[in-house]
Amino acid sequence: MKILLVYPYPIEKRLYYQEDIQSPPIGIYYIASLLIENGYEVEVLNLYEEKDPLYIEKLLKQKRPDVIGFSILNANRLGGIEIAKIAKRINPDVKVVFGGVGATFLYHHLLKNFDCIDYIVIGEGEYTFLELIRALESDKKEISEIEGIAYKKDDRIIKTKERKFIPNLDELPIPSKHFRYMHLISSRGCPWNCHFCGSPKFWKRKIRFRSPQNFVDEIELLHKKGINFFYFSDDNLTIDKTRIIEICKDILKRRLNISWYAISRVNYIDEDILYWMRMAGCIQISYGVESGSEKIRKILNKSLKKEDIIKAFELTKRYGILPRAYFIYGCPGESWDTINETIELIYEIKPLSCMFYILDIFPGTEFYERIKAFLDEDIWLNRIEGIMYWELDPKLDQEFILKAGEKLRNAFYKGLPEFVDSISLVDKKELYEKHADFCSRLAMTFTHGDYSRIEAIPSKEEIAEKLYKMALSYAPDHRAYLGLGIILQKKRRFEESVNLLKEGIKHFPQSEQLHICLGVSYMNLGKIDKAISCFQRFPSSQQANAYLSECRKIISQI
């Protein structure tokens with residue numbers, strides 16, 4: 001039996017922050033790994049970018065699966081349905097299985113409206129999916145005996161007994177034995193009960209941990225496959241202080257030279273945790289702040305103290321980790337006063353990255369439970385990802401929402417120079433190289449990254465120059481030498497650029513980028529022979545050869 005596991009395309013692609021959704025959820029790799037280790041032929045397809053029905057039809061004809069499992073979020077449920085219809089048209093006997101958060105909370109709607117779906121896996125899916133495959137293959141076990149399944153029989157929708165959670169996550173195969181990916185998770189579940197989040201209902205507010213060794217084993221396998229950057233996607237990586245420090249120490253013990261992002265909660269952060277996270281390669285932590293208004297945070301059931309929020313952002317920056325703040329606006333009770341409170345908090349915590357979302361209501365959340373009695377479930381036949389709260393509240397309107405979002409973003413962008421100026425890094429010599437990396441990495445976002453494209457941010461080049469110099473005050477840093485060298489070139493300060501780049505080359509003698517940048521500065525000073533010597537070091541470099549050709553033209557014209 002050949003099994004295809006598919007992550008479908010969403011209704012709408014994200015304009016920002018695509019890294020958060022464009023990769024398949026880690027659960028799909030767990031299911032695939034369990035199937036593989038039980039003797040099945042399995043392939044994972046990421047079709048996030050593939051919306052062309054002709055391409056998908058050709059692909060499915062080529063793969064010829066017996067079973068297709070879809071990883072469904074609310075955002076990609078219609079993509080999954082469209083692909084499933086193509087699959088059924090090609091082969092009516094192919095079995096289509098939906099699973100994931102979106103399918104779990106909309107199982108009745110999906111089975112009622114779409115005959116292309118045969119089964120839905122509800123909740124945690126590894127063993128449920130394996131048992132379903134075995135039942136389909138052998139006919140020895142009734143589908144009705146499998147826990148955690150929903151399906152249609154004789155026009156009736158049947159939901160079987162709820163499956164209990166896997167008590168020991170270490171018993172599952174480590175997916176990195178079979179696959180390459182960057183999004184990892186060391187635990188499942190979250191004990192809090194935020195009203196906009198589906199986790200409390202999906203995971204029952206219980207949290208289960210993999211052992212530190214098991215998690216670092218996964219990282220090490222991926223590192224050996226050439227991956228050195230990761231997203232640690234736990235709802236709160238730092239909830240158990242002893243455990244996160246043990247994970248970090250194990251990463252260091254195994255000499256895994258990696259960098260990674262994490263998600264945390266402001267009241268589960270302290271200096272010990274941040275020290276070991278930074279030493280082990282953490283470069284960014286995202287915190288759900290949600291609002292500067294205590295009233296709004298209470299409505300969202302986000303129980304955070306303002307002093308904890310301020311302390312977490314201050315400490316995170318001090319340890320050379322970029323703090324990112326998540327904010328939600330367009331909430332119940334939202335007004336210009338609460339928007340201004342959020343802006344005031346932004347200027348107090350001085351985040352170096354912000355994400356602003358309009359409150360969207362999804363099945364499985366507490367907010368959805370409160371409104372679903374007034375909704376026709378067929379609303380999900382529409383091409384919508386969620387239900388915007390403001391559309392339900394007569395006190396809010398689209399004009400306010402658009403202006404509020406614009407005001408929040410512009411306030412953050414205009415504050416960034418001040419936020420960067422506020423950086424004061426902890427004086428620990430073992431962190432100096434990490435500090436240099438932090439400063440140059442942040443600088444690069446202003447000259448070449450996301451911030452470089454945002455006109456509302458003032459003085460981008462000045463901010464970057466200051467950060468590059470700050471980086472070099474801590475330790476030699478390749479990114480800082482290169483970035484500052486380019487800025488000096490733009491300012492036509494070529495002699496300074498030459499001296500700086502020569503210093504950088506002493507520390508990074510094999511750097512093609514530094515040599516080419518130095519060669520460009522020599523060209524601008526009319527020192528063509530010295531420029532040629534820089535470019536000739538890299539005969540296979542297309543960029544170096546282009547400059548070399550330009551140098552020879554200059555010589556021929558003399």
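These are legends for a set of close-up views of one predicted model.

**View 1. Helix α1 crossing helix α6.**
Here we've got α1, residues 26-36, passing α6, residues 126-138. Their axes come within 9 Å and cross at roughly 45 degrees, which makes α1 oblique to α6. The handedness of this crossing is right-handed. On the α1 side, the contact uses Tyr 30, Ile 31, Leu 34 and Leu 35. On the α6 side, look for Glu 126, Tyr 127, Phe 129, Leu 130 and Ile 133. Sort the contact residues of α1 and α6 by type and you get eight nonpolar, no polar and one charged.

**View 2. Helices α18 and α19 side by side.**
What angle do the axes of α18 and α19 make where they cross? Roughly 165 degrees, with the axes of α18 (residues 478-490) and α19 (residues 494-507) coming within 8 Å. Angles over 145 degrees count as roughly antiparallel, so that is what α18 is to α19. This crossing of α18 and α19 is left-handed. From α18, the residues to pick out are Tyr 481, Leu 484, Gly 485, Leu 488 and Gln 489. They meet Phe 494, Glu 496, Ser 497, Leu 500, Leu 501, Glu 503, Gly 504 and His 507 of α19. By type, the contact of α18 with α19 splits into six nonpolar, five polar and two charged residues.

**View 3. Helix α3 and what covers it.**
Helix α3 takes in residues 77-90, 14 in number. From first C-alpha to last it reaches 20 Å, close to the 20 Å expected at 1.5 Å a residue. Ten of the 14 residues of α3 are buried, so the rest of the structure largely encloses this helix. The buried set in α3 starts with Arg 77, Leu 78, Gly 79, Gly 80 and Ile 81, and carries on with Ile 83, Ala 84, Ile 86, Ala 87 and Lys 88. Which elements do the covering for the buried residues of α3? They include the strands β1 (2-7), β3 (67-71) and β4 (95-99), along with the helices α2 (53-63) and α5 (107-113).

**View 4. Helix α16 and its buried residues.**
This one shows α16, a helix of 16 residues running over 432-447. Its C-alpha span, first to last, is 23 Å, close to the 22 Å expected at 1.5 Å a residue. Buried in α16 are His 435, Ala 436, Asp 437, Phe 438, Cys 439, Ser 440, Leu 442, Ala 443 and Phe 446. As background for reading that list, an α-helix has 3.6 residues a turn, so residues three or four places apart point the same way.

**View 5. Two residues of helix α15.**
Gln 398 sits in α15, which covers residues 398-421. With a relative accessible area of 47%, Gln 398 is partly exposed. Gly 330 is 68 residues away from Gln 398 in sequence, yet their C-alpha atoms are 9.5 Å apart in space. Glu 418 also belongs to helix α15. Is Glu 418 buried, exposed or something in between? At 39% relative accessibility, it counts as partly exposed. The C-alpha of Glu 418 lies 8.8 Å from that of Tyr 347, with the two positions 71 residues apart along the chain. Leaving out residues up to four places away in sequence, Glu 418 touches Tyr 347 and Lys 350.

**View 6. Ser 176 in its loop.**
Where does Ser 176 sit? In the loop between β7 (156-159) and β8 (183-184). Relative accessibility here is 0%, so Ser 176 counts as buried. Setting aside neighbours within four places in sequence, the contacts of Ser 176 are Tyr 181, Glu 218, Leu 221, Leu 222 and Lys 225.

**View 7. Positive phi at Arg 205 and Asn 301.**
Arg 205 isn't a glycine, yet it has a positive phi of about 55 degrees. You'll find Arg 205 in the loop between α7 (199-203) and β10 (208-209). Its relative accessibility of 44% makes Arg 205 partly exposed. Asn 301, another residue other than glycine, has a positive phi as well, near 60 degrees. The loop holding Asn 301 links α11 (294-299) and α12 (306-318). With a relative accessible area of 30%, Asn 301 is partly exposed.

Definitions and conventions:
Residues numbered from 1 in each chain as written. Predicted model: local features only at pLDDT ≥ 70, side-chain atom pairs only at ≥ 80, totals over all residues. Heavy atoms only, no water. Axes fitted to C-alpha atoms, helices over the stretch in contact; angles between N-to-C directions. Helix = DSSP H or I, 4+ residues; strand = E, 2+ residues; numbered from the N terminus. Parallel < 35°, antiparallel > 145°, perpendicular 65-115°, else oblique. Left-handed = near helix turned anticlockwise from the far one by under 90°. Contact = heavy atoms within 4.5 Å. Nonpolar A, V, L, I, M, F, W, Y, C, P; charged D, E, K, R; others polar. Expected span 1.5 Å × (residues − 1). Buried < 20%, exposed > 50% of the residue type's maximum accessible area, 1.4 Å probe, protein only.
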